[in-house]
Amino acid sequence: MNGKIITLNQFIIDRQNEFSYASGELSRLLSDIGTASKIINREVNKAGLVNILGDYGTINVQGEEVKKLDIYANEQLIAALSSGGECCVMGSEENDDIIEVNTEGVENAKYVVLFDPLDGSSNIDVNASIGTIFSIYRRISDGPKGGTVADCLQDGTEQVAAGYVIYGSSTILVYTTGHGVNGFTLDPSIGEFCLSHPDIQTPKDGKIYSINEGNYADFPEGVKQYISYCKEKNSAEARPYSSRYIGSFVADFHRNLLKGGIFIYPPTAKTPNGKLRLVYEVNPLAFLIEQAGGRATDGKQRVLEISPNALHMRVPLFIGSENMVKKAEAFFAVEAEKV
Ligand code: AHG
Ligand code: MN
Ligand code: MN
């Protein structure tokens, strides 16, 4: 290494020619998301001080209302994306309906942004990793105003960019525009995301499985059998695998992306469509994993090809190293046939 630092903004501009359609606007959008995430990061880092600085819902010493972090993150993203002129409509896991943009000139805004402002929020109070997930589409509606619900319900295959930021032991932003996956670590001393993980490829085989085994009794038979397979001793195949589950999808995904592994949120008796939301959580990470050489399905079908029928639609998910996901699907399919 010669120590040359490549910042996120520099990288985005250098790669701008990879997308022909409204490339300047997309670059600005990505950089706006980067800026919003730095503001969210600053607040996340103070999370443990909430009892000192003021409880959620109260007025702090500066006379400001203390907000729940997921609400704070949501507001930061909405503010950053409404004012830039590139985004015509947004959808957020925190909002029941689409978030309309009403700024002047919005009829010319070309992009749609969907996000989970803070994923894994149950981990905030225990200092474990949480993150922001985002997904960008082209606008398909035309009209004198901002975008519509239809703009937000496009198939995952139509994504032009997607990524996430993890507020962890360090803060990292990982994104793709359909030309590979790159990761940038925030250097707090200069306040810049710097290229730290160029061209991420996920291993074809991994040794980690991630699933909430507390729900085991409600899992489909094929998933139970796949878990037994993961635990079985087979030294030639490097089994048993390790079980790792943080309960923060972004953090579990990021570890498995770098090390190789599978993350499963299966259908259960209580939640027949699993828990994760297609447009806010699943599609962006499915786009990333495919770009990194991995695979994402609902057990039967490529998730990127599932047409969303509602903003908060949920789907089961098998995502990660290609060969591990294929193996899990095979278990899932055999048992599904028997019923
Ligand atoms: P969110 O905090 O955005 O509501 O998402 C939580 C999600 C996801 O991050 C994680 O993988 C999953 O919930 C964990 O669910 P279980 O507690 O059911 O395992
Ligand atoms: Mn989430
Ligand atoms: Mn969330």
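**Chat: ligand 1 and the open sheet**

Trainee: Where should we start? What does ligand 1 touch around Gly120?
Mentor: With the contact itself: a polar backbone atom of Gly120 sits 2.9 Å from an oxygen atom of ligand 1. Bear in mind that this is a predicted model.

Trainee: And which side-chain contacts are there with Glu93 and Lys275?
Mentor: An N or O atom in the side chain of Glu93 is 3.1 Å from an oxygen of the ligand. For the side chain of Lys275, the distance from an N or O atom to a ligand oxygen is 3.0 Å.

Trainee: How much of ligand 1 does the protein bury?
Mentor: 82% of the 470 Å² that the ligand exposes when taken alone.

Trainee: How many residues surround it, and which are closest?
Mentor: 16 residues surround ligand 1, with Asp119, Ser121, Asn212, Tyr245 and Tyr265 the closest. By type, the shell has six nonpolar, five polar and five charged residues.

Trainee: Which strand gives the most to that shell?
Mentor: β3, with three residues. Both β3 (111–119) and β11 (262–265) supply at least two.

Trainee: Where does the ligand lie relative to domain 1 and domain 2?
Mentor: Between them, because domain 1 (8–197) and domain 2 (208–338) both give residues to its shell.

Trainee: Switching to the sheet: what's the strand order?
Mentor: β2-β1-β3-β4-β5-β6-β7-β8, an open sheet of eight strands with mixed pairing. β2 (99–100) and β8 (192–197) each have a single partner strand, so one side of each lacks a neighbour in the sheet.

Trainee: How do β5 and β6 run, parallel or antiparallel?
Mentor: Antiparallel, with six bridges joining β5 (residues 161–167) to β6 (residues 171–176). Ile166 stands opposite Ile172 in β6.

Key
Residues numbered from 1 in each chain as written. Chains lettered and ligands numbered in written order. Predicted model: local features only at pLDDT ≥ 70, side-chain atom pairs only at ≥ 80, totals over all residues. Heavy atoms only, no water. Near = heavy atom within 4 Å. Polar contact = N/O pair within 3.5 Å; in protein donor to acceptor, adjacent residues only side chain to side chain. Areas by Shrake-Rupley, 256 points an atom, 1.4 Å probe, with all protein chains shown as cover. Helix = DSSP H or I, 4+ residues; strand = E, 2+ residues; numbered from the N terminus. Nonpolar A, V, L, I, M, F, W, Y, C, P; charged D, E, K, R; others polar. Domains from an automatic or database assignment. Pairing = 2+ DSSP bridges.
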